[in-house]
Every structure is written in structure tokens, then in C-alpha cells.
Amino acid sequence: MFRGANSISLDDKGRLAIPARYRNLLSLDCEGKMVCTVDNKQPCLLLYPLPEWQEIEQKLAGLSSMNPIERRLQRLLLGYAEDCDMDKNGRVLIAPPLRQFANLTKKLMLVGQLNKFEIWDEEVWQQQVADDIAAEQAGDFTLTDRLQDFSL
């Protein structure tokens, strides 16, 4: 399980270094083989270990290509999906179309989300966090059934 927000850098070749605390787990779990795609709701990327991605891919394969909404989701997630193999130094190359989609600059945030990572441009991440906190404080939302009983 991946958790925590990590400040990382994108090098001149478009590679990012996975923090050391995740490398062993990724080596054991998926031999460093991952898949990166776009987030269809946020300006960030999603980086999945290959076994997790394969589950997503099966779900996408079960959607109808005749339903415009389901087809759009397939087109975005599968169309942008790129294999990302972690090298011996723990780096993964992020393809140019993916970097462009998320407007990635040199400073990034790698955010653990249990079964995957989100990759954000650092400034965009900081703004997203500020927006999320403001929305929580304003209380202008309806809790879902699952959140009704959620406590910390």
C-alpha cells in the first residue's frame, strides 16, 4: 500500500526517481513494471504497479465501446497508458504526452493512494490541497453514505 506525499524532481530526460522506501516493494510486487496514464478527473497522472493496472484494464475491457461515456473513459485511460519500467536506480521515464497532459515541470509530488501513485506538478498539487481544505472547511457538500459513518 502506498501512502504519503513525496516531493521529487523530474530530470531533463523526463525521468522521476521513485522514493527508496517504495522501491523494494515495487521490485518484489511487480519487478518494477508499472503503467502510467492520465487521471480523467484531475490534472495529474496515475502510476500503477502492473498487477493493479491489469485489474483496471480488465474492468475497462468490460465496458461497452458503443456507450459514449464508457468509450470516452476507455479512450482516455487506455489511449494514454504507457509502460514504465523502473530502472536499477529506481527511476521511471514519463512519456512526453503524459508530462504535457499534467503540465509537469521540474518539481513534482508523488502521492500514495493505496494501490497507485498520483503524480502532480508541485504547484498544482499545492493549489489542489488548498482547494480541498477550503471545501472541507466551507462544508458545502453532501456526505455520501460511506462517509456518514467514517471517523478518524
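Me: Which residue stands opposite leucine 108 in β8?

Reply: Aspartate 121 stands opposite leucine 108. This is a predicted model, where local features need pLDDT of at least 70 and side-chain atom pairs pLDDT 80 or more, while totals for chains, interfaces and linings use all residues. Residues are numbered from 1 along each chain as its sequence is written, and side-chain values use heavy atoms, leaving out hydrogens and water.

Me: Why are β7 and β8 said to pair?

Reply: Pairing takes at least two DSSP bridges between two strands (E runs of at least two residues). Five bridges join β7 to β8, so the two strands pair. They run antiparallel and form a hairpin with two residues between them.

Me: What makes β4 a partner of other strands?

Reply: β4 (residues 45-49) shares five bridges with β3 (residues 33-38), in the antiparallel sense. Cysteine 36 stands opposite leucine 47 in β4, and six residues lie between β3 and β4 in their hairpin. Another three bridges join β4 to β8 (residues 117-121), again antiparallel. There, leucine 46 has glutamate 118 as its bridge partner.

Me: How do you know whether β4 is enclosed or open?

Reply: Buried means under 20% relative accessible area with a 1.4 Å probe, protein chains only (exposed is over 50%, partly exposed in between). Five of the five residues of β4 are buried, so the strand is largely enclosed by the rest of the structure. Leu45, Leu47 and Pro49 point one way, while Leu46 and Tyr48 point the other way.

Me: What makes β8 mostly covered?

Reply: In β8, five of the five residues are buried. Phe117, Ile119 and Asp121 point to one side, and Glu118 and Trp120 point the other way.

Me: How do you know whether the span of α3 fits what is expected?

Reply: The expected span is 1.5 Å times one less than the number of residues. Helix α3 (residues 68-80; a helix is an H or I run of at least four) has 13 residues. From its first C-alpha to its last it reaches 18 Å, close to the 18 Å expected.

Me: Which elements each supply at least two residues of the lining of the largest pocket?

Reply: They are β7 (107-114) and α5 (122-138). The lining consists of Val111, Gln113, Glu118, Trp125 and Asp132.

Key. 1 Å grid on protein atoms, 1.4 Å probe; cavity = no way out; pocket = protein on both sides within 12 Å on 5 of 7 lines; lining within 4 Å.
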